[in-house]
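Reader: I'd like a close look at one small part of this model, and then a walk outward from there. Could you take me through it?

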Amino acid sequence: MVEIIKFGAEWCDPCKQQDQILDELSTKRDDVNVRDIDVEEPGNTDLKRRYQIQALPTVVVLDDETPVEQFNGLVQLDDLETTIENVES
């Protein structure tokens with residue numbers, strides 16, 4: 001199963017736009033697990049460090065817990081779907 005991790009913050013307007021895109025993706029595809037990580041929560045420091053988060057939003061696509069793509073900034077639905085299709089093929 002493909003997993004997507006979105007790193008963002010509540011004050012980040014592009015992160016809210018990314019949430020809408022990821023909600024649409026989740027509605028279209030039940031084979032994708034989406035996790036939302038708030039970078040400002042102290043418990044997420046290790047994840048921020050592991051994925052070297054420097055921009056918001058950042059979307060990481062994983063296949064079997066292995067990162068296959070990382071998008072810094074707002075990523076569109078078509079780009080996410082193409083990445084997922086490439087992972088699954």
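What is the torsion about the S-S bond of Cys-12 and Cys-15, and is the disulfide right-handed or left-handed?

Author: Happy to, with one thing up front: this is a predicted model, so everything below is computed from predicted coordinates. The torsion about the S-S bond of Cys-12 and Cys-15 is about 75 degrees, so the disulfide is right-handed. The two sulfur atoms sit 2.4 Å from each other, and the cut-off for calling a pair of cysteine sulfur atoms a disulfide is within 2.5 Å. By that rule the count for the model comes to 1 disulfide, so Cys-12 to Cys-15 is the pair to look at.

How about solvent? Cys-12 has a relative accessible area of 4%, so Cys-12 is buried. Cys-15 comes in at 2%, so Cys-15 is buried as well. The cut-off behind that word is under 20% relative accessible area.

Now step back to the chain around that pair. The chain has 3 helices and 4 strands, and reading along the sequence you meet them in the pattern β-α-β-α-β-β-α. Of the 89 residues, 43% are buried. The radius of gyration is 12 Å, which agrees with the value near 12 Å that a compact globule of 89 residues would have. If you want a feel for the outline, the C-alpha trace spans about 35 × 25 × 20 Å along its principal axes.

The contacts are worth a look too. Take those between residues at least 6 apart in sequence: 63% of them join residues at least 24 apart. For a single example of who touches whom, pick Val-34, which lies in strand β2, residues 32–38. Leaving aside residues up to four places away in sequence, Val-34 touches Ile-4, Leu-22 and Ser-26. With a relative accessibility of 28%, Val-34 counts as partly exposed, whereas Cys-12 is buried. Val-34 and Gly-73 are 39 residues apart in sequence, and their C-alpha atoms are 17 Å apart in space.

Last, the outside. The accessible surface of the chain adds up to about 5400 Å², and carbon and sulfur atoms account for 40% of that. As for charge, the chain carries 8 positive and 22 negative charges, and the mean positions of the two sets are 6 Å apart.

Terms used:
Residues are numbered from 1 along each chain as its sequence is written. This is a predicted model: local features need pLDDT of at least 70, side-chain atom pairs count only at pLDDT 80 or more; totals for chains, interfaces and linings use all residues. Side-chain values use heavy atoms; hydrogens and water are left out. Helices (H or I, at least four residues) and strands (E, at least two) are DSSP runs, numbered from the N terminus. The radius of gyration is taken over C-alpha atoms; the globule rule is 2.2 Å times the number of residues to the power 0.38. Buried means under 20% relative accessible area, exposed over 50%, partly exposed in between (1.4 Å probe, protein chains only). Contact means heavy atoms within 4.5 Å. Accessible areas come from the Shrake-Rupley method with a 1.4 Å probe; for residues, only the protein chains shown count as cover. Lys and Arg count as positive and Asp and Glu as negative; His and the chain ends are not counted. The place of a charge is taken as NZ of Lys, CZ of Arg, CG of Asp or CD of Glu.
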